[in-house]
Amino acid sequence: MAARLLKLSSLATAVFASSGFYFYNKQLDLSDLSVVRFGRAAATVMIPQPYCLPSYLLSQLSDLFVSFEEKPQGAASLAQVHKAVLHDGRTVALKIQHPKVQTQSSKDIMVMEVLLKAIHWLFPDFAFMWLVEEAKKNMPLELDFLNEGHNAEKVASMLAHFPFLKVPMIHWDLSTKRILTMEFIEGGQVNDKNYMKEHDINVNEISENLGKLYSEMIFVHGFVHCDPHPGNVLVRKCPQSKKMEIVLLDHGLYQALQPDFRLNYCRLWMSLIKGDMSGVERYSRRLGAGDLYPLFACVLTARSWDAVNAGISSVPVTHAEDVEIRTNAALYLPQISDLLNRVPRQMLLLLKTNDLLRGIETTLQTRAASSSFINMSRCCIRAMARSEAMNSLLSTSLKKRLFYLRISS
């Protein structure tokens, strides 16, 4: 249901706590790689509590809508969603910001900064001040619901060629910075296999199409929806066409990738897919990983060093590999701290996004399907070809200008 568009944690938590980071221990032989998941318990998730809307607001809302449900469809740390009906009969979802969230978020960030400084003082190897920096930068954006509405329209236009994507339409005349009114859409969470079975929705098709969406966002456009947890990704059968649709919700948190970063990221993934280890090292270093490039490769892929060497598209994910990841958790915190402080800040939300998507694939049991690598490869090739064409065009234009300058002098 539309209520599932709610975030389940504050941005400060979402930037880091939901992320899975996998890394490589340099002290081990390359054939004896330990990769671990880290970060789930690194910050405290706020427990969503619904609140009662003030009487003055209820009075105003009753004038705007034929009906308005006071009981929220769901609540989260930033806002809660209410269902309402417009005078023309259309059903909408109102995302209403908690009244004290702006003040409270500033206090939360301040407390986080004090705690992280204390941890760093006690344990100098652990330097996570980047978490505070990211929270300070992104929190104002998430608290501006007009920004969220613009992001929704941008991604809907950008990916309009995918008929299976549905982004709720924004009602701008009924939206403000703290209230976002949008189309109400029902559906099941992307990890709800029972819902898909009941509605005859193919999980492989869902996984493949979700991969297409994110490959296009990351590699081609460099504009990435960074919170694809299951509550923000619904699936349904379109009431009109009866075809499968993916409904993308909660557009408050996006990462815009710089062109050079995006292209190096493309080249790195192509190297990882093919098992081109010289390329893996080269582009990992360009992305700031330095001599921790083996760790970086495992962070991105959640695969063992052996699988990375062989090419992740040619080696299936095994239960033993997953067990290794779980059992070695939290053993190498200094290395991961070092890595996260090295890489560009725009990489941090991508790591979180990768982990959330991987979690969905694991639940649907479609992880490491060949179609996902094919889609990624196609998008990487398109992005690199587009860049080369642009560079060639610029080079030709520059040569023409130089020629005209010479003949006119």
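## A buried pair: Glu 245 and Arg 236

In this predicted model, Glu 245 has a relative accessible area of 9% and is therefore buried, since buried means under 20% relative accessible area. Its salt-bridge partner is Arg 236, and the closest N and O atoms of the two residues lie 2.8 Å apart. Arg 236 also counts as buried, because its relative accessibility is 13%.

## Salt bridges across the structure

The pair of Glu 245 and Arg 236 forms a salt bridge, and a search of the whole structure finds eleven salt bridges. Another of these joins Glu 148 to Lys 95, with a distance of 3.0 Å between the closest N and O atoms. This pair links distant parts of the chain, for Glu 148 belongs to helix 5 (residues 145-158) while Lys 95 belongs to strand 4 (residues 91-97), and the two are 53 residues apart. Glu 148 counts as buried because its relative accessibility is 2%, and Lys 95 counts as buried because its relative accessibility is 4%.

A further salt bridge is formed by Arg 285 and Glu 281, whose closest N and O atoms are 3.1 Å apart. Both residues sit in helix 9 (residues 277-286), and because they are four residues apart there, about one helical turn separates them. Arg 285 is partly exposed, with a relative accessible area of 39%, and Glu 281 is likewise partly exposed, with a relative accessible area of 28%. Elsewhere, Lys 95, Glu 148 and Asp 250 are joined into one network by salt bridges that share partners.

## Where helix 8 meets helix 14

Helix 8 (residues 259-274) and helix 14 (residues 345-364) have axes that come within 12 Å of each other and cross at roughly 40 degrees. The two helices are therefore oblique to each other, because an angle under 35 degrees would count as roughly parallel, whereas one of 65 to 115 would count as roughly perpendicular. The crossing of helix 8 and helix 14 is right-handed.

On the side of helix 8, the residues in the contact are Phe 261, Tyr 265 and Trp 269, and on the side of helix 14 they are Gln 346, Met 347, Leu 350 and Asn 354. Sorted by class, the contact of helix 8 with helix 14 holds five nonpolar residues and two polar ones, with no charged residues.

Technical notes
Residues are numbered from 1 along each chain as its sequence is written. This is a predicted model: local features need pLDDT of at least 70, side-chain atom pairs count only at pLDDT 80 or more; totals for chains, interfaces and linings use all residues. Side-chain values use heavy atoms; hydrogens and water are left out. A salt bridge is a side-chain nitrogen of Lys or Arg within 4 Å of a carboxyl oxygen of Asp or Glu. Buried means under 20% relative accessible area, exposed over 50%, partly exposed in between (1.4 Å probe, protein chains only). Axes are lines fitted to C-alpha atoms, for helices over the stretch in contact, and angles run from 0 to 180 degrees between N-to-C directions. Angles under 35 degrees count as roughly parallel, over 145 as roughly antiparallel, 65 to 115 as roughly perpendicular and the rest as oblique. A crossing is left-handed if the near helix is turned anticlockwise from the far one by less than a right angle, and right-handed if clockwise. Contact means heavy atoms within 4.5 Å. Ala, Val, Leu, Ile, Met, Phe, Trp, Tyr, Cys and Pro count as nonpolar, Asp, Glu, Lys and Arg as charged, and the others, Gly among them, as polar.
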